Every structure is written in structure tokens, then in C-alpha cells.
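User: Could you take a close look at one part of this model for me? I'd like to hear how a pair of neighbouring helices sits together, and what the loop joining them is like.

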Amino acid sequence: MPDHPTTPGAVFLSYAREDTDAVRRITDALRAFGVEVWFDQNELRGGDAWDAKIRTQIRTCTLCVPVISASTQARGEGYFRREWKIAVERTHDMAAGVPFLLPVVIDDTKESEALVPDEFMRVQWTRLAHGVPTPQFVEQVKKLIEGPRKPTVEPSRSRPPVGVPAEAGRPGAATSAPAKGIPGWVWGAAAAVLVAVVAGVILSRQPAPAAPPPSSPAEAKPAPAAPSVDAKSIAVLPFTNMSEDKDNAFFADGIHEDILTNLALIRELRVVSRTSVMPYRTTTKSIRQIAQELGVAYILEGSVQRAGNKVRVTGQLIDARTDEHIWAKAYDRDLTDIFAVQSELSQEIAAALSTALSPQEKQLLDRRPTANLAAYDAYLKARALRQRNAGGSQECEPLLEEAVRLDPKFALAWAELASAMTQSYFNDFDHSDERLARAKAAIDTAVRLAPDDPDIIERLGDYYYYGYRDFERATEQYLRLSVLRPNDAAVFGSLGFIHRRQGRWGEALKELHRAAELEPRDLRFGHTLVQLSLGLDRYEEAAAMQQQISAQFPDSVLDLLQVASIPFLARGSVQEGADVIARIKPAQRDQPLVLYIRKSWARGIGDWAEAIKLDGQQRYYDGYGESHWSQ
């Protein structure tokens, strides 16, 4: 019996510092499916306390995954070798055949030449090129950490089936033919793990040559009819920056987002999120077409002009069903009155849509986050930086620290600072106890200053989620938020993501469906529903949702082919995908995007002659952000 109880489900990754990027891909993939990963960054720290922590983690984890590469081969000494030795020592106290060591090779290092402990050679190895995890690998890890801790084979010198051969088919797929070599773009819909790893392959919304709609797969239900438009639904288009100083664009975007946040607090309104409206910043589409695509009755257009200590905010509300201008108004104020302008504009919209405000809603709309305009500027700049760059959490921290220095009572800035720090911690940019302690101090300050502010409640939930994976406490905060923002898709999406990590599939599907209904063009929810439904072998539901997505984005050839790929995943049928490929117009067949799709499909179904021929025509395609090594 080990000295320490095993932590259920914990996976320890041991690696050389040169392989950090590859190891992050493995970490992100496992975490995406709720696996607890101890992502050691030993080369960045040191000391007795850190060494003791690492030893404890190795002695208490469920699986130890040593990452083997040319980097480990080149280093005769390294802290990772000490970790490997500790892991091997632990196996001496285990029954033979109990799965614990799971070596992973991320390049072409040969097993016969690997400089590793002898015990590594007695178990099955897994090869993940460049650290890109396959769905089979993730599934196998989950089975090993969730299953009973029993010997898998009788004691012998032969390798037990601990790892997963690269050619293994997808576990649980009910197919009439082996679905070998499923490409990343298919698994972009089948598993959230590869969405995070193969950057942007499926989520890009760039214009693409349209292909004729595919014939409906046998599993697919007819796409439901478009829902009737809610009479109190509104989309607020990005505000135009009219300032002479174009660097004030962050200020116009900040006013736009604050108005969206205010409107989301009005219970009777359904407000389209920022994610869905931002693609219309430079659109030439008509108001009616935009409203039809977003499924709303009203559109608000606006602009912001800032000059010195003065600001002008204009807005015009349009009934998109009739093209009637309900009202138009300009607010010329001192810059210090900017929050009053936001409140008045939100209340004007509520009145125009015959929406009664409760005393609580009016109180929330009348909030004044700060009286210090310099602090507000720093806060808006930091928020804009995070929105432009998902990895910019650390970069925006100096701006937020400046905001709270200028106004120590600026609760929203404290909350945003806590969020940036916990995101940095969660994503392993700085996975230190000191950073988490700073995040705690920031969120505690925000809660003390404004305990009932919806934005603070949201960030408190994020703190528990990203800082500790404390799903129960995070859920508690998101449920509080759902009362204040009953039509906010992001709230129910967050609940759905938590339930998915907890393995509460029915609840996850319910919350994600609600989020997708509220925000059908936010593909975080739609694509996740497709992924989750496929993972649960609910092929009809996956097909129906994917058809809805394709109907909304008819220019996305990849999404059209996704509809046809579901029968392939369900029963190995290639006919539907072949029909889509065959019906592409001759003039389109050799366009770069279409060549990419044709080659991906050929790889997926194992038509290697066709894949090699198309590879000769076009080696790489950069339009969807997929890296060259992945292609």
C-alpha cells in the first residue's frame, strides 16, 4: 500500500523543458474532458518545497505520463530523470500489471534507442506526433483513470495493453467499416479536445466558396423551422469610433460592451451577445438581413466621439421588420457623465420596447463603477486587449493594476484583474501559488466592494472554476447570475461546460441547448453540442444541430461536409460525403479551400491515392489556421 492515497483521476506529466508546447497540447486535451492534470513546470522553479511537491504528486497520481523525445535523449541529466526514477520506485510497491506508467513519444525517437528506465520498456508506448493527442489517446487515459485499479495482465515481461496504438479505431463507434485515420476537422466536431489543439480548423467564419447542400444523412432529423422572432429581442451593432484620435477605438468598443451588459440585465429583453454581433462591424448587409440572421426584431446602431473632456454618444433604434426608425438621439455630455449616458440609453430602449423595469434593474443600470476616468480608460484598454488576444491575460495585468491604483474602490477592475490572473494560472502561463494568492486577494476585494454586482458574481464563479476547478462553488455563482441575467446565453453555456466536465451528460445537454437557443450564432455552444452528442452516440441530435449550423453559415463548406461526416462516424458510411465532394462545381474544385477539404476527406476515409494526388496539387492551406506540421 503506498504511503499516500492515490488522487482519483490525476495525471502527472513529466517532460524536458524544450517540449513545453507539445506537453501543453496534451494537457489542454485531457483537461477538456475533465481529467485533472498536474502540469509540472519544474524547470522554471526550484527549491526544497517545490521538490517535495513534485515527489508527492508522483506518489499520489493515478497515471504518470513521461514524455520522451529527442530533447530527453539529448539531455543526460535533467530534473525529469529524477521524476522518472521516483515514478519507477513507486511501481515497485504495485501489483504487476496495474496501469501507472504511460510513456508518450512526441517525435520519431526509437524505443530501442530510448534513454529511459527499463521499466518504461515493459509497458505499451503511445506516439503522438508533436504532442497532438488523438481521441483514442484521450479515451484510453479516461478508461485507465476511471476504471478499477486492477492488474491488466498476468505478470510477465511482455507489455500490457496500457497505451493505444496509433491505428486504433474510435472506441464505441458503431460502424460497418473501420473509421481509421479520422482527420482533425472531423474530430473538431466529434471531440472538443482537437478544437483546442488544431487551432481554428472548424471555427473560422471566413467567406468560402459555397457548395451545393448535401443530401441529408439517414440519421438526421429535418432541421427545425426558424423560430418566430421575439418582439423584445435586440442586437446592438458595434459602435463606430468617430473620434479624430483613432486610438480611441477601445473607448467606443468599451461603451458598446457596457451597453450590452446593461441591456442583458433587463429581464424582458433578449439581447444578442457581443460574440454574435462583432462580425457585423464592417458589414454591407442591410439591417433587415442582419436582423434575420441574428433572429431579432430590433437593431441599435450607434457611434462614439470623444474630444478632450467631452463625449458624444449617438444611437438609433430600428424596427428591422418594417425598417422603421423608432427613435434617434445624441447625448452630448462631459466625459464624467459617461455612465449616466449608458444608463439613459438602456432605459430609452426598454421604454421603446414597452419593457417595464423593476427597481432592482433600474438600480443596476444606474451603477457608477468609478469616478476616475483615467482608471476607467486603463480598465477598458485591458478588457479590449484580452478580447483581441485570448492569451493576453498577463499582458493586460499592468493596465488593471494601474486602474486599481488610481481608484482602489474600482470593484470591476479588481474583478477583471482576478480573472486575468486565474486565466493565466489555469492555462499554465504562471501556475504558481503566489499568482493564485494574488487572484484571491483581488477577487476578495471586488466582492467586499460590490458583492451583488452581476459582473462581480460572474468573475467570482470564474475564479472558482479556473483557479480551483471547484465546480460546485462555480455553479453556485453562475446560478445566482442566471437570476440576474435570465436571457444570457453565456451563463447557461458556463453551466453546461461545468456539467460536461462533471460527466453529468443530461444536464450538460440541457444547459447547452438553452444557450444555443438564446445565441444560435455563437458556435461555442452549437459545436460543443455536436461534439458532446457524438461522444454519447446521439447521432440524430448531432446531425440536427449540425444542420442548423450549416443553415446559418451556408458559405462554410466545412460545416456542410460536417453534416455528411456524421453518418461516417455513426456507421462508416462514406456516401454522403462523397456526394458533397462530387457536387462541387468544376470551377471550384481546384480552389485552395476546396482542395484542402477534398484532401481531408480522402485522408479520413483512407483513400490514400487520392490524398497523395491532392497533396501534390496543394501541400498546405492556411485559411483555417491549421499548422503545417498538423497538415
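What follows is a walk through one helix pair, its loop, and a few other spots for context.

Analyst: Keep in mind up front that this is a predicted model. For the big picture, the protein chain has 26 helices and eleven strands, and buried residues make up 54% of its 631 residues. If you take contacts between residues at least 6 apart in sequence, 67% of them join residues at least 24 apart.

Now for the helix pair. Two packed helices are described by the angle between their axes and the distance between the axes. Here the pair is α17, covering residues 454-468, and α18, covering residues 471-484. Their packing angle is about 160°, and the axes lie 8 Å apart. Angles over 145 degrees count as roughly antiparallel, and α17 and α18 are therefore roughly antiparallel to each other. As for handedness, the crossing of α17 past α18 is left-handed.

Which residues make the contact? On the α17 side they are Pro454, Ile457, Glu458, Leu460, Gly461, Asp462, Tyr464 and Tyr465. Facing them from α18 are Phe471, Arg473, Ala474, Gln477, Tyr478, Arg480, Leu481 and Leu484. Sorted by type, the residues of this contact come out as ten nonpolar, two polar and four charged.

On to the loop between α17 and α18, which is where Arg469 lies. The backbone there is worth a glance: Arg469 isn't a glycine, yet its phi is positive, near 50°. Most residues other than glycine have a negative phi. With a relative accessibility of 22%, Arg469 counts as partly exposed, because the buried class stops under 20%.

Arg469 has some company on the positive side of phi. Ser354, in the loop between α11 (338-352) and α12 (359-365), has a phi near 55°. Is Ser354 buried or exposed? Ser354 is exposed, with 58% relative accessible area.

Another example sits in a strand hairpin. Strands β10 (residues 310-319) and β11 (residues 324-334) run antiparallel and are joined by ten bridges. Ile318, for instance, has His325 in β11 as its bridge partner. Four residues separate β10 from β11 in this hairpin, and Asp323 in the turn has a positive phi of about 60°.

So, back to your pair: α17 and α18 pack at about 160°, cross left-handed, and have Arg469 with its positive phi in the loop between them.

Terms used. Residues numbered from 1 in each chain as written. Predicted model: local features only at pLDDT ≥ 70, side-chain atom pairs only at ≥ 80, totals over all residues. Heavy atoms only, no water. Axes fitted to C-alpha atoms, helices over the stretch in contact; angles between N-to-C directions. Helix = DSSP H or I, 4+ residues; strand = E, 2+ residues; numbered from the N terminus. Parallel < 35°, antiparallel > 145°, perpendicular 65-115°, else oblique. Left-handed = near helix turned anticlockwise from the far one by under 90°. Contact = heavy atoms within 4.5 Å. Nonpolar A, V, L, I, M, F, W, Y, C, P; charged D, E, K, R; others polar. Buried < 20%, exposed > 50% of the residue type's maximum accessible area, 1.4 Å probe, protein only. Pairing = 2+ DSSP bridges.
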